[in-house]
Amino acid sequence: MALISQIYVPYSRHDMNIQYKLQRYGTDKLTARSYNGMGLELKELKIQQHHGQLFHGGGKRKNSLYHKGKCNLLVVAASPPTEDVAVISEPLTKEDLVAYLASGCKPKEKWRIGTEHEKFGFQQTTLQPMKYEQISELLQGMAERFSWDKVMEGDFIIGLKQDKQSISLEPGGQFELSGAPLETLHQTCAEVNSHLYQVKAVAEEMGLGFLGIGFHPKWAVKDIPIMPKGRYDIMRNYMPKVGSLGLDMMFRTCTVQVNLDFSSEVDMVRKFRVGLALQPIATALFANSPFTEGKPNGFLSYRSHIWTDTDNNRCGMLPFVFDDTFGFESYVDYALDVPMYFVYRNKKYVDCSGMSFKDFMKGKLPSLPGEFPNLNDWENHLTTIFPEVRLKRYLEMRGADGGPWRRLCALPALWVGLLYDETSLQSALDITKDWTQEEMQMLRNKVPKMGLKTPFRDSLLRHVAEDILQLAKEGLQRRGCKESGFLNEVAEVVRTGVTPAERLLDLYHGKWANSVDPVFEELLY
């Protein structure tokens with residue numbers, strides 16, 4: 001989701017009375033004061049589009065703006081992962097990285113909703129995963145019929161772009177729509193429906209279908225085709241070194257997530273905390289991955305469980321978000337400590353797996369000695385961090401399994417109702433303010449198996465979910481857009497306490513006679 005904004009950043013980042021003010025210096029400039037009284041001078045980066053590449057130019061400014069307590073930083077939007085090449089006149093500093101995150105702040109009237117979802121393609125006659133050659137033909141067909149622009153890596157088509165939407169391929173060929181930043185849930189759901197119509201129109205003619213589920217129910221990793229994307233080769237080689245389930249994450253999972261804006265650092269912190277605390281509830285409500293290689297796997301959201309042993313350096317619940325001093329700088333410190341995967345140079349991915357972005361900033365990256373990072377490198381690095389809630393220039397809610405189309409609309413509805421309404425957001429903060437780190441981690445660990453039946457304090461998580469769902473509904477109603485109906489899909493889950501995964505398991509043990517094959521029809525888009 002592409003976002004551009006301008007902000008005024010006060011000195012005292014950790015003062016909870018911080019207020020951000022929009023400065024009307026043009027649509028593409030960020031004005032920021034030094035952080036934490038450090039008297040930092042941010043460099044002016046002039047960024048312009050030129051033949052599909054971003055060029056950062058302009059020399060170092062005199063201290064005229066610095067003496068006034070202000071510096072200018074020009075920020076452009078890009079849909080991550082960014083693969084453009086950028087040239088900068090001087091190395092980035094940590095303060096530039098902080099300002100990059102802070103540039104996401106925007107007034108409430110400019111908040112948008114960006115929904116992303118992934119789905120498994122399969123051959124309808126054999127239920128086998130789509131091969132790359134079929135995916136290529138599908139993408140070519142969509143480009144020709146519906147006027148999408150092709151995204152190429154070498155000779156391979158690896159995605160499509162149209163306006164502010166993009167279609168990309170996950171490592172195992174999972175088809176992902178990254179939606180445009182939209183104003184209402186009605187627009188979001190219409191976008192999803194339009195996308196599914198287009199995909200289906202071309203895929204059906206090829207004998208292909210798409211499945212809405214969180215983990216591949218039938219095939220092993222060895223059966224999943226590998227997509228021809230350089231970054232995935234690097235990740236595939238690195239994953240087994242840092243966790244036992246990383247390849248499962250890459251090749252056999254699908255999710256739906258929503259990307260949401262914030263108005264200030266304080267607003268970001270509040271939303272981040274609510275998002276993390278309540279992410280296990282979203283995991284339970286959308287749990288939809290109970291099968292592995294044709295059998296029940298003992299989980300309701302196996303996709304969620306997989307993240308617990310993918311790479312603990314870049315995944316998890318991020319306890320430091322609840323520290324009193326948490327802000328943009330804290331997240332930068334965390335991200336700088338996350339090992340790298342790659343750098344994109346000369347239209348190729350350079351393997352930097354396990355290396356330090358801090359060393360990169362010093363020009364001491366072993367794979368690229370003497371080179372320094374640019375904002376594209378930083379943006380790409382941020383996309384390789386996988387916590388339950390992720391910060392870029394917006395917040396990503398990452399805890400839900402992929403599912404059928406109604407749930408693709410329900411997930412953003414849940415979080416918009418909670419986070420985009422001040423009353424509901426404050427109520428959610430009040431509910432979770434005394435939850436301990438141990439309790440939140442317990443929920444993170446147990447919910448993938450137990451869902452809404454997870455014990456919590458003197459009751460069940462289901463009863464907390466009832467209160468949270470009511471807050472989301474009231475928040476949507478106060479938005480005045482008649483959006484609360486999008487919650488109906490999860491309201492039934494909360495009412496009964498039965499997750500989508502448990503319904504699938506009932507079908508498996510009953511009507512489906514211990515076969516997972518019928519799920520390809522049950523959850524067909």
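Here are three short exercises, each with a worked solution, on the predicted model shown above.

**Exercise 1: two packed helices**

Work out how helix H3 and helix H4 pack, and which residues make the contact.

*Solution.*

Step 1. Let's start with what to look for: two packed helices are described by the angle between their axes and the distance between the axes.

Step 2. Find the pair. H3 covers residues 132–146 and H4 covers residues 185–205. Their axes are 10 Å apart, and the packing angle is about 125°.

Step 3. Put a word to that angle. Angles of 65 to 115 degrees count as roughly perpendicular and those over 145 as roughly antiparallel, so H3 is oblique to H4. As for handedness, the crossing of H3 past H4 is right-handed.

Step 4. Now pick out the contact residues. H3 brings Leu-138, Gly-141, Met-142, Arg-145 and Phe-146. From H4 come Tyr-197, Gln-198, Val-199, Ala-201, Val-202, Ala-203 and Glu-205.

Step 5. Sort them by type: the contact of H3 with H4 has 8 nonpolar, 2 polar and 2 charged residues.

**Exercise 2: the cysteines**

Find how many disulfides there are, and say which parts of the chain are linked.

*Solution.*

Step 1. Look for cysteine sulfur atoms within 2.5 Å of each other. The count comes to 1 disulfide.

Step 2. Name the partners. Cys-189 is joined to Cys-409, with an S to S distance of 2.0 Å.

Step 3. Place them on the chain. Cys-189 sits in helix H4, while Cys-409 belongs to helix H12 (residues 405–419). The two are 220 residues apart, so this pair links distant parts of the chain.

Step 4. Check the twist. The torsion about the S-S bond of Cys-189 and Cys-409 is about 80°, and therefore the disulfide is right-handed.

Step 5. Buried or exposed? Both Cys-189 and Cys-409 are buried. Two other cysteines are worth a look: Cys-254 has 0% relative accessibility, so it counts as buried, and Cys-352, also at 0%, counts as buried too.

**Exercise 3: the surroundings of Lys-94**

Describe where Lys-94 lies and which residues it is in contact with, leaving aside neighbours within four places in sequence.

*Solution.*

Step 1. Locate the residue: Lys-94 is in helix H2, which runs over residues 94–102.

Step 2. Judge its exposure. The relative accessible area of Lys-94 is 24%, so Lys-94 is partly exposed.

Step 3. List the contacts: Glu-329, Val-332, Asp-333 and Met-361.

Step 4. Try one more pair. Lys-94 and Lys-358 are 264 residues apart along the chain, and their C-alpha atoms are separated by 9.2 Å.

Notes
Residues are numbered from 1 along each chain as its sequence is written. This is a predicted model: local features need pLDDT of at least 70, side-chain atom pairs count only at pLDDT 80 or more; totals for chains, interfaces and linings use all residues. Side-chain values use heavy atoms; hydrogens and water are left out. Axes are lines fitted to C-alpha atoms, for helices over the stretch in contact, and angles run from 0 to 180 degrees between N-to-C directions. Angles under 35 degrees count as roughly parallel, over 145 as roughly antiparallel, 65 to 115 as roughly perpendicular and the rest as oblique. A crossing is left-handed if the near helix is turned anticlockwise from the far one by less than a right angle, and right-handed if clockwise. Contact means heavy atoms within 4.5 Å. Ala, Val, Leu, Ile, Met, Phe, Trp, Tyr, Cys and Pro count as nonpolar, Asp, Glu, Lys and Arg as charged, and the others, Gly among them, as polar. Buried means under 20% relative accessible area, exposed over 50%, partly exposed in between (1.4 Å probe, protein chains only).
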